[in-house]
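Student: I have a structure to read and would like to know what stands behind the terms used for it. Could we go through them one at a time?

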Amino acid sequence: MGTYVVTGAASGMGAAVADSLRQAGHDVIGVDRDGDDVIADLSTAAGRRAAIEAVTARAGGVLAGAVLAAGLGPARGRERTIVEVNLLGVTELLEAFRPLLAASDKAKVVVFGSNSTTATPLVPARAVSRLGRGDVDGATRIIRRRGAALSGPVAYAASKIAVTRWCRVHGTRAEWAGAGIRVNVITPGPVMTPLLRSQLEGATSKNVRAFPIPVREYGTTDQLAQWVMLMLSPAADFMAGSVITVDGGTEALLRARDWPRAVPLRAVPRVLWRMYRAPKEGQIARY
Ligand code: NAI
C-alpha cells in the first residue's frame, strides 16, 4: 500500500480517484481549494508553495504516485487563473514532488488533460509556446486578443495543450522515466461533474450541448476513475509520456487522419537513431 497525492480531490473525477485509492487501501493526501486534507489555492504561487510544503510534510519522504486533477473550466474573464491552475498547478507541484516519487519503486503520475486540446479551434500556437517557456503573462495577453467570447475556451485548451506537452517532453527524460517515474496523461471528453454541469447551465450551454460525441452519452466519474486506477497500477509500468483519450469518440471523429503519422526524418533526434541501432543490454535504460 502506498501514499498518493490527488489534487482536485474534493469534487468530480479527483474525488472519484481519491475514493478508489482509499477503497484499495492506499493513503491519500487530497489537495483542493474547497477543502480536503490540504486546503490550498493552486491559482497563486503562494498557494502552490503551501500545497507543496503540506504534502511534503505528510508524505514521509515517499510518494507511490500523484494524480493531478485540479482544474478550472473555460470561464470567461479568468484566463490567467485557468492557466495558473491547469498548468502551473501541475508542473510546479510535480517538479517539487519528483524526489518523493523517485524514492518509490516505479511511481506513477497521471495528469488530467482534456480532449479540448484537439477539439478547440483558434488556439494561438504562440500562446502555447510561451506557456512552454513559462511566460504566463505573455501567453495570457495573446489569449485575451481572441476577444471576450473566445478567450475562456482558448485559455483552457492552451493550458491543457501546454500541460500535456510538458508531460510528454519531461515524461521520457532521465530524471522522470529514467528515475522510474511513469508520467502519463488522461484526456477525458465531457464527463458529468460539477465542471461540466456549470458549462451546460452557463452562457455557452448551446455550444456545449452541440459538442459531437459519437457514443451519444457523457462519461461518468466512475469510468474515468477506473482508467486512472489502471494508469496507477503495474499495468502502466510500460507507459511513459502517453496520452490516453477517453472521450466517447470525439477526438477520432474530428482528427481521424491526423495521427498516427510517420515521423519526419528531420525530427528524428539523435537519441532515437541510437535506439534504432541494435541496442546492447542496458543501452536503452541508459539513454
Ligand atoms: P470538478 O470541478 O468537479 O473538480 C475540479 C476540482 O479542482 C474541484 O474540487 C476544485 O475545487 C478544484 N480546483 C479548482 N481550482 C482550484 C484551485 N485554484 N486550487 C485548488 N483546487 C482547485 O471538475 P472535474 O470535471 O472533475 O475535472 C477534473 C479535471 O478533468 C480537470 O483538470 C478538468 O479540466 C479535466 N476535464 C474535465 C472534463 C469534464 O467534462 N468534466 C473534460 C476534460 C477534462
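Tutor: Start with the ligand. By class, its shell holds 14 nonpolar, nine polar and five charged residues. This is a predicted model, in which local features need pLDDT of at least 70 and side-chain atom pairs count only at pLDDT 80 or more, while totals for chains, interfaces and linings use all residues. Residues are numbered from 1 along each chain as its sequence is written, and side-chain values use heavy atoms, with hydrogens and water left out.

Student: What makes a residue nonpolar, polar or charged here?

Tutor: Ala, Val, Leu, Ile, Met, Phe, Trp, Tyr, Cys and Pro count as nonpolar, Asp, Glu, Lys and Arg as charged, and the others, Gly among them, as polar.

Student: How many residues surround the ligand, and which are the closest?

Tutor: The ligand is surrounded by 28 residues, and the closest are Ser11, Met13, Asp32, Tyr156 and Thr193. A residue is near the ligand if one of its heavy atoms lies within 4 Å of it. Helices α1 (12-23), α7 (148-171) and α8 (194-201) each supply at least two residues of this shell. Helices (H or I, at least four residues) and strands (E, at least two) are DSSP runs, numbered from the N terminus.

Student: What makes the pair between aspartate 41 and the ligand a polar contact?

Tutor: A polar side-chain atom of aspartate 41 lies 2.8 Å from a nitrogen atom of the ligand. A polar contact is a pair of N or O atoms within 3.5 Å; within protein, one must be able to donate a hydrogen and the other to accept it, and residues adjacent in sequence count only if both atoms are side-chain atoms. The aspartate 41 pair is therefore a polar contact. For valine 191, a backbone N or O atom lies 2.8 Å from an oxygen atom of the ligand. Taken alone, the ligand exposes 830 Å², and the protein buries 95% of that. Such areas come from the Shrake-Rupley method with a 1.4 Å probe; for residues, only the protein chains shown count as cover.

Student: Why is the protein chain called as compact as a globular protein of its length?

Tutor: The chain comes to 13 helices and seven strands. Its radius of gyration is 19 Å, close to the 19 Å that the globule rule gives for 287 residues, so the description applies. The radius is taken over C-alpha atoms, and the rule is 2.2 Å times the number of residues to the power 0.38.

Student: What share of the 287 residues is buried?

Tutor: Buried residues make up 46%, where buried means under 20% relative accessible area, exposed over 50%, and partly exposed in between (1.4 Å probe, protein chains only).
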